[in-house]
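Colleague: I have just opened this chain and would love a friendly tour. Could you take me through it step by step?

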Amino acid sequence: MEAIRKQASRLREQVARQQQAVLKQFGAGGYGGSDNLVTDEAELVQHQKLEKLYISTRAGKHYQRDIVRGVEGYIVTGSKQVEIGTKLSEDSRKYGAENTCTSGSTLSRASLSYGRARAQMEKERGTLLKSLGTQVAEPLRAMVMGAPLEDARHLAQRYDRMRQEAEAQAIEVSRRQAKVRETPGNSENVMKLEASEAKLQDLKANMGILGKEAAAAMAAVEAQQQRLTLQRLIAMVEAERTYHQRILQILDQLEGEMVSERQRIEAPPSPTVDNSMPPPPPYEEVNGIYASESHNGMSDSMSYFLGEAMFTYQAVSDVELSLSIGDYVVVRKVTNNGWAEGECKGKAGWFPFGYIERRERVLASKVAEVF
């Protein structure tokens, strides 16, 4: 019995050493088990490529899913903002239409303009949200859940399981080889060893074929992932860019309208020409007369001076001079009845004296504009 126990112990140790040798040769490492299980360089390269493709497509899938979740969240919050903005637009237009303020309708017009602009902005926001849903979220979601990715991953997983089976079969071959060495001439053990080796070769051959199929499928999915994700990102940027450009146009127009209203109510009232004021004298009376004496109701100025037009004046006869705000005029004559005569931009004539303010200092460039 003692001899039998010692022999059994030696056999167990021998088997253990053989298994360790096999495991060392076919030891697990990374995706799909051992890299050393592959017996040639081409198969090793294929296995490493498949491992990288599996990691890459998994990361790509997670990124696509993150984009979909982000866009969906943006659509939910954006839809709520559209609802709030639309309500504000309706309230503004209602106030503008129903306001009965006795001091003027400036605020009514401004609120109508704001309500109209706000409605346009919310419409643009709704268009953006729809574009993000149809052009970004839906295509990416379809790929995340699509058959090509799942089929390729199933091939890779089948390849992984076949590698594990080949590793187990390699250990079985090693065990059979030990038995043949222990019992030389035993035909049964030899037959079992040959069957195990044949099975291992079949597994390796099938593993090589399946690995190529899985690598090709995964490479195709990876390329599609990269291309589609980039296209959807560009589509998202273009949609947002178009949205912000349209919003800027709407806001620019709205600001112009509201600032115009504010300037209108804040500006001092334009002087009006007194209906009782006599018409300007004939233009011939001006030539050569620049004295300080008074005659025929006219008081001539002592000398020329520059004036700046503070209001717009439109001439109503050939002897009058049209003015625009900011024009500089060489004033040559001022009458007691409210008219002044001068020259501006190469033209001369009469204009209401109350429309200008005297200027003591003027930039040279402005003086040049007078003539």
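Modeller: Gladly! Helices (H or I, at least four residues) and strands (E, at least two) are DSSP runs, numbered from the N terminus. What you see is a predicted model, where local features need pLDDT of at least 70 and side-chain atom pairs count only at pLDDT 80 or more, while totals for chains, interfaces and linings use all residues. Residues are numbered from 1 along each chain as its sequence is written, and side-chain values use heavy atoms, leaving out hydrogens and water.

Colleague: In what order do the elements of the chain run from the N terminus on?

Modeller: There are six helices and seven strands to place. Written from the N terminus on, their order is α-α-α-α-α-β-β-β-β-β-β-β-α.

Colleague: Which element gives the largest share of the largest nonpolar core?

Modeller: A nonpolar core is a set of buried Ala, Val, Leu, Ile, Met, Phe, Trp, Tyr and Cys residues joined through side-chain atoms within 4.5 Å; buried means under 20% relative accessible area, exposed over 50%, partly exposed in between (1.4 Å probe, protein chains only). The largest such core here has 22 residues, and Leu50, Tyr159 and Met162 are among those with the most contacts inside it. Two or more residues each come from α2 (41–98), α4 (147–182) and α5 (187–266). The largest share, ten residues, is given by α4.

Colleague: Which residues does Met162 touch, leaving out those up to four places away in sequence?

Modeller: Contact means heavy atoms within 4.5 Å. Met162 is one of the residues with the most contacts inside the largest core. With residues up to four places away left out, its partners are Leu203, Asn206, Met207 and Leu210.

Colleague: Is Thr229 buried or exposed?

Modeller: Thr229 sits in helix α5. It touches Tyr63, Gln64, Ile67 and Leu140, not counting residues up to four places away in sequence. Its relative accessible area is 9%, so Thr229 counts as buried.

Colleague: How many residues of strand β4 are buried?

Modeller: This strand covers residues 328–334 and is mostly covered. Of its seven residues, the number buried is seven.

Colleague: Which residue in β5 is the bridge partner of Val330?

Modeller: Two strands pair if DSSP finds at least two bridges between them. β4 and β5 (residues 339–344) do so in the antiparallel sense, over four bridges. They form a hairpin with four residues between them, and Gly338 in the turn has a positive phi of about 95°. In β5, the partner of Val330 is Glu343.
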